[in-house]
Amino acid sequence: MIIALLIIICIFVALIWFTAKMDSNIEASFTPSGKLTPVDGGIIHWQKQGNGPALVLIHGLLGNSNNFSELAKTLASRYTVYTVDRPGSGFSSRYKSTSASFEQQSKMILEWMQKEGIGSASIAGHSMGGGIALRMAIDAPDKIKSVSLLCPLTTPLKGGAGPLSVLYIPNEWVRSSVAKTIASPLRAKLGRKQVAQIFHPEPVPPSFSTEGGGLLALHSRSFYEGSRDTVSAQGSLHRQQTRYEEIQCPVGVLYGEKDTILRPDEHITAVTKAIGSAVHKIISGAGHMIPVTQVQACADFIISIDESA
């Protein structure tokens, strides 16, 4: 009995050591390339490029601002493009006592805009970032000029979101324990397969792990905060979906036809049914990661929605 207990303890110590080592290696490979702005509840890391009207890009679950590296470059000839790490993602911090709700994330990003002198902006959000973009349009209609949604999460899920379903861990102690022990080793082993599932049916670009910030998703903090986001999302979407009809600015939804993470018909309908003027478009043969795989199509769509304002 004692020997078995010692073996279990040794395994957990080894897992904790492996996770800490993996985190350290990731941190050595990435450093904040933008600015850090303190807001109520945490700190927002953001980057800026280009000239013109303000456009804010908001990434999805387990993502970071580097996911928009090519899209931001493409749009920078027309806009002042701001890419932000959502609270708790990338290099943005979120205090443990700070809610992961969409309302709170909207509040923090809007405070960042105010502190950085961004009076109004067009917003483009990918996946979960789309849900938060909609929340911002509800919360600050005078500041949001248009909302472009790229494979967005707009309505409570009726089933799992593919490999991202493992993030649904409601219990705080279990979530923290998994993040510190088995999450990183398992994701290191299965990471390539899971990323391929998220991009399916399109190939994962070779540069995604580094230039696209993909490796940052393997950090234990990313798993922990991603789990908090996932658990908070259902309630957040229940509360905000009934208010979509309040949104007055132009709204557009762009989806990949073959998205296997979210169901295009459900998430498009949730928006277009509530907002009569909303438009939508499908990219034939594309998957969930269109800001990375369909850069020009996303840029053209964002411009078209913004020009209709």
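**Reading a predicted fold**

Guide: Welcome! Buried residues make up 54% of the 309 residues in the protein chain. Keep in mind that this is a predicted model.

Visitor: Thanks! How many helices and strands does the secondary structure of the protein chain come to?

Guide: The protein chain has 10 helices and 9 strands.

Visitor: What radius of gyration would a compact globule with 309 residues have, and what does the protein chain have?

Guide: The idea is to set the chain beside a rule for globules. A compact globule with 309 residues would have a radius of gyration near 19 Å, and the protein chain, at 19 Å, agrees with that. For the outline, the C-alpha trace spans about 70 × 35 × 35 Å along its principal axes.

Visitor: Among contacts between residues at least 6 apart in sequence, what share joins residues at least 24 apart?

Guide: In the protein chain that share is 81%.

Visitor: And the surface: what area does the protein chain expose, and what part do carbon and sulfur atoms supply?

Guide: About 13,700 Å² is exposed, with carbon and sulfur atoms supplying 58% of it. As for charge, the protein chain carries 28 positive and 24 negative side chains. The centres of those two sets lie 5 Å apart.

Visitor: Let's try one residue. Is K180 buried or exposed?

Guide: Here the relative accessible area is compared with a cut-off, and exposed means over 50%. K180 has 52%, so K180 is exposed.

Visitor: Where does K180 lie?

Guide: K180 belongs to helix α5, which covers residues 172-180. You can also look across to H219, 39 residues apart from K180 along the chain. The C-alpha atoms of K180 and H219 are separated by 9.9 Å.

Conventions:
Residues numbered from 1 in each chain as written. Predicted model: local features only at pLDDT ≥ 70, side-chain atom pairs only at ≥ 80, totals over all residues. Heavy atoms only, no water. Helix = DSSP H or I, 4+ residues; strand = E, 2+ residues; numbered from the N terminus. Rg over C-alpha atoms; globule rule 2.2 N^0.38 Å. Buried < 20%, exposed > 50% of the residue type's maximum accessible area, 1.4 Å probe, protein only. Contact = heavy atoms within 4.5 Å. Areas by Shrake-Rupley, 256 points an atom, 1.4 Å probe, with all protein chains shown as cover. Lys, Arg positive; Asp, Glu negative; His and termini not counted. Charge placed at Lys NZ, Arg CZ, Asp CG, Glu CD.
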